[in-house]
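Thank you all for coming. I would like to walk through one structure this morning, going from the whole chain to its cores, its pocket and a few single residues, so please have a look at it before we begin.

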Amino acid sequence: MKRCLSSAALLLLAACQSTIEQGLDRREASEILARLSQEGIAAEKVASRDGQSLSIRVSSGQQERAAQILAREGLPRRRHGGFGAAYREKGLVSGRLEEQGRFLAALQEELAETLEEVDGVLSARVHLATMREAGPAAATPPPVSASVLIAFRGGDGSAPPIAQADVQRLVANAFAGLAPERVAVVFSRAAELPAAPPPAEGHGWIRIGAGGLGLGGVAAGLSLVWARRRARGGAR
């Protein structure tokens, strides 16, 4: 009897949940759980069968809002390759331009990852423009420049989590010959989501609100299973 009720409870709970993200590592899953918890959404992380990745589940009634929150927050964050990825695959012959391109790509990823460590920054992109290979007759190349795009969390009128001058100094100090005034910074504020509606009032054991079927619904389902088993036993 207890085994039957336990199985029924698991089936009912599983039917009320939806997977919103999968293939995550521990850091990504923990960051998503923390953010959803701050927004009042209960979520759980579930390991894959091979134990190599994690997925995030929420109640079916909260699936849409949870997806909106993750989209607004830029979660899970884009994985940065950095220098390790840039130089992992290397051909037998590597020219100077190829080496320079790999270095710039890796440096851009490293700078973006550093900016994303600032509290309130959702995502960052860094683009470095440097001189190209020039022949003897080529004109004097333009000075080195950079562009930075930062998306951040905040309401209307709120200041970015990091000052423009600090971004310019950070990027300029990472690349020789780049002056801070040659770093263009653009901030993009993420739109705030409307507040979640309050749970709907119910009667009796069953209460259905914005979060979907609650514990009352599970209890009602278990009671139905138990009643059917009693009726089946009495008929024998």
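Let me start with a question: of the contacts in the chain with a separation of 6 or more, what percentage is accounted for by residues 24 or more positions apart? The answer is 65%, and I should say at once that what we are looking at is a predicted model. The secondary structure of this chain comes to seven helices and eight strands, and of its 236 residues, 28% count as buried.

Let me turn to the interior. The largest nonpolar core holds 21 residues, and the members that touch the most other members are Leu-115, Leu-128, Val-148, Ile-150, Val-167, Val-171 and Leu-178. The elements that each give two or more residues to this core are helix 5, at 96-116, strand 4, at 121-129, strand 5, at 145-153, helix 6, at 164-173, and strand 6, at 183-190, with the largest share, five residues, coming from helix 5. Apart from this core lies another one, made of 14 residues, among them Ile-32, Leu-36, Val-58 and Ile-69.

Two members of the largest core are worth following by eye. If we set aside residues up to four places away in sequence, Val-148 touches Leu-115, Arg-125, Val-126, Val-167, Val-171, Val-183, Ala-184, Val-185 and Val-186. Ile-150, which sits in strand 5, has a relative accessible area of 0% and is therefore buried. Beyond its neighbours within four places in sequence, Ile-150 is in contact with residues that include Leu-115, Val-121, Ile-162, Val-167, Val-186 and Phe-187. For one of these partners, Ile-162, which is 12 residues away along the chain, the separation between its C-alpha atom and that of Ile-150 is 9.5 Å.

Now, is Ala-190 buried or exposed? Ala-190 counts as buried, because its relative accessibility is 14%, and the cut-off for being buried is under 20%. Ala-190 lies in strand 6, and, leaving aside its neighbours within four places in sequence, it is in contact with Arg-72, Leu-122, Phe-152 and Gly-154. The C-alpha atoms of Ala-190 and Ala-151 are separated by 6.6 Å, although these residues are 39 apart along the chain.

From the interior we can move to the pocket. The largest pocket encloses about 510 Å³ of space, and of the 22 residues that line it, the closest to its centre are Arg-27, Glu-31, Arg-77, Glu-116 and Glu-117. What kinds of residues make up this lining, in terms of nonpolar, polar and charged? There are five nonpolar residues, three polar ones and 14 charged ones. Helix 2, at 26-38, helix 5 and strand 4 each supply at least two residues of the lining, and helix 2 gives the most, with six residues. In terms of domains, at least three lining residues are drawn from each of domain 1, covering 14-73, and domain 2, covering 96-133 + 140-190.

I will end with a detail of the backbone that you may wish to find on your own screens. The peptide bond from Leu-75 to Pro-76 is cis, with omega near -5 degrees, and Pro-76 has its place in the loop between helix 3, at 63-73, and helix 4, at 82-86.

Methods. Residues are numbered from 1 along each chain as its sequence is written. This is a predicted model: local features need pLDDT of at least 70, side-chain atom pairs count only at pLDDT 80 or more; totals for chains, interfaces and linings use all residues. Side-chain values use heavy atoms; hydrogens and water are left out. A nonpolar core is a set of buried Ala, Val, Leu, Ile, Met, Phe, Trp, Tyr and Cys residues joined through side-chain atoms within 4.5 Å. Buried means under 20% relative accessible area, exposed over 50%, partly exposed in between (1.4 Å probe, protein chains only). Helices (H or I, at least four residues) and strands (E, at least two) are DSSP runs, numbered from the N terminus. Contact means heavy atoms within 4.5 Å. On a 1 Å grid over the protein atoms alone, a cavity is a set of points where a 1.4 Å probe fits but cannot get out, and a pocket is an open set with protein on both sides within 12 Å along at least five of seven lines; lining residues have an atom within 4 Å of a point. Grid points are joined across faces, edges and corners, and a volume is the space filled by probe spheres set on the points. Ala, Val, Leu, Ile, Met, Phe, Trp, Tyr, Cys and Pro count as nonpolar, Asp, Glu, Lys and Arg as charged, and the others, Gly among them, as polar. Domain bounds come from an automatic or database domain assignment.
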